[in-house]
Amino acid sequence: PLKPETSTAEPKRSKVEIFKEQSNFIRYPLNEEIYTDTPNINEASTQLIKFHGSYQQYNRDERGTRSYSFMLRTKNPGGKVPNQLYLTMDDLADQFGIGTLRLTTRQTFQLHGVLKKDLKTVMSTIIRNMGSTLGACGDLNRNVLAPAAPFMTKEYKFAQETAENIAALLTPQSGFYYDVWVDGEKFMTSEPPEVVKARNDNSHGTNFPDSPEPIYGTQFLPRKFKIAVTVPTDNSVDILTNDIGVVVVFDEDGEPQGFNIYVGGGMGRTHRQETTFPRLGEPLGYVPKGDILYAIKAIVATQRDHGRRDDRKYSRMKYLISSWGIEKFRNVVEQYYGKKFKPFHELPEWEFKSYLGWHEQGDGALFCGLHVDNGRIGGKMKKTLREVIEKYNLNVRITPNQNLILCDIRSAWRRPITTVLAQAGLLHPRYVDPLNLTAMACPAFPLCPLAITEAERGIPDILKRVRAVFEKVGLKYSESIVIRVTGCPNGCARPYMAELGLVGDGPNSYQIWLGGTPNQTQLARTFMNKVKVQDLEKVFEPLFYYWKRKRQPKESFGDFTTRMGFEKLHELVDKWEGPVQSPVRYNLKPFADKETYEAMEELAKLQNKSPHQLAMEVIRNFVAAQQNGKSE
């Protein structure tokens, strides 16, 4: 007998797929749950509220009854934050949050600690003040990255405009967000006609014709979906870590011609499941300028219809491309796109750009990039930023490295702004330890439900210890490596691209990843598992010692670890007995008398440093403070 064409068995689906299906386009039961008396919401609503830009959390430092709260994440394509929205977020953090704002690695704000009873007030306030949290989390297109620098060049403006158009194209259309938070009042901004046209176009079967969600349908995407746009050479956006990486291609006159498209990047993985892995985006092809929205939509439709929906560990597009191979993936995308992709255009080398310090925008105004440790704005820094942003009516931008850019500053304001910021610890980047400038950590404890160990709270100490090892093995203060720390393997701070990545894999323990590059173009690999936080020096010392002695001219730490090979490095770590002490060349004796030395020794002990290290630090900070006061 002939086998029937289709099997009768329903394909296996994850629980979240069923919640989505039964939710009336992401409304029910959340629209009822937010009004109940309990401090938390039920399981289905916990999944659905993500699409609205929020996660339910509880304080994991506290034992006993769980104290629930909600984290809200905004959506800011290219990191753009209008003045009014910044001031609103600043107020909300004090009134309804934990008094801090968190800048994220996807150019958005996170507002922690909002209670359920305040959710509607906070959400509607954000919506009424030029903000949105729609789709900042959940199984759909998340915030679209673009270089945050407010350069007024054709290239940068075009990349940022493209990011905004892609974000608009993939914004949910069924109104669930406004129904739940502002009782159905519409706050839709006017969209460029080309976006509306591309969204409604169904000439290649990309759309659900009669659905309130023409692209997403009832089931949305299998999993989160991340897109970044940039210009050649500018890898401030970690372009290869996204589901889709879009690079604008220009002619000699800086006129945009089209786009190179990378696909299949993604960071998340699960410990000790080798079938899950971080992956770099790979070239899909080139499309002419007018086709970008159609090409993006074709890629999204391919993932929507073919990505796995049975096991969320394998639902990201990187696993689809991994199992199909890029050729088959390209063929399927081309069916939805209705055209063939052209070959990739040659691109120059990537560079990581931080945009810290003062720069010309190109329109007569200046911008100032501020380093914010781990993106956490609180205390005096928060108060001062608010004063400056309010007084000078500045717009701001958030960078993918958790930093903040103040835009549109007149040159006459430069000196007063510099002075005020320096007093709040927001220093010119040359006065910040170079290790801190490129380091990143995710929030992890106490609020992230996924954290296995510390990240944001642990990284200040880890960076100080790395600096101490640098000094011990004779590396210069100006030398630096990219360090990223996450509390779990999901990889929000993109640790798998770092030269030294620490990924939480147990209480107070980390998996160590090595081999990323300073320009974020190479994937790191697992070097060691379950290294206790107190034993990190046993690994760092030999690695940095041999990097100092055996590196080639200008060789970065990541490139060095790759060239040496992990087998050799393991051997060096295993045999390590401490650096060979060489006499110090320039002997700066900061201690003229015994009392000072002994006092310093006491203080140094408390900080796990030598008196000399502490003295050098104090001198360095003093010099920096003096220079900061009078320069600029």
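**Close-up views of a predicted model**

**View 1. Salt bridge within helix α1**. Lys20 and Glu17 are joined by a salt bridge between their side chains, with 2.9 Å from N to O; a salt bridge is a side-chain nitrogen of Lys or Arg within 4 Å of a carboxyl oxygen of Asp or Glu. The two residues sit three apart, about one turn of the helix, in α1 (residues 15–21). Helices (H or I, at least four residues) and strands (E, at least two) are DSSP runs, numbered from the N terminus. Both Lys20 and Glu17 are buried; buried means under 20% relative accessible area, exposed over 50%, and partly exposed in between (1.4 Å probe, protein chains only). By the salt-bridge rule, the count comes to 43. This is a predicted model, in which local features need pLDDT of at least 70 and side-chain atom pairs count only at pLDDT 80 or more, while totals for chains, interfaces and linings use all residues. Residues are numbered from 1 along each chain as its sequence is written, and side-chain values use heavy atoms, with hydrogens and water left out.

**View 2. Salt bridge between Lys382 and Asp94**. The closest N and O atoms of this pair are 2.9 Å apart. Lys382 belongs to helix α12 (residues 379–391) and Asp94 to helix α4 (residues 83–96), so the salt bridge ties together parts that are 288 residues apart in sequence. Lys382 is buried, at 4% relative accessible area, whereas Asp94 is partly exposed, at 48%.

**View 3. Salt bridge between Lys339 and Asp291**. Here the closest N and O atoms are 2.6 Å apart. The pair links distant parts of the chain, 48 residues apart: Lys339 is in the loop between α11 (326–337) and β10 (357–360), and Asp291 is in the loop between β9 (282–288) and α9. Lys339 is partly exposed, with 42% relative accessibility; Asp291 is buried, with 12%.

**View 4. Network of salt bridges**. Asp90, Asp91, Asp94, Lys382, Arg386 and Glu390 are joined into one network by salt bridges that share partners.

**View 5. Surroundings of Thr302**. Thr302 is part of helix α9 (residues 292–306) and is buried, its relative accessible area being 0%. Apart from neighbours within four places in sequence, Thr302 is in contact (heavy atoms within 4.5 Å) with Gly307, Leu320, Trp324, Phe329, Val332, Val333 and Tyr336.
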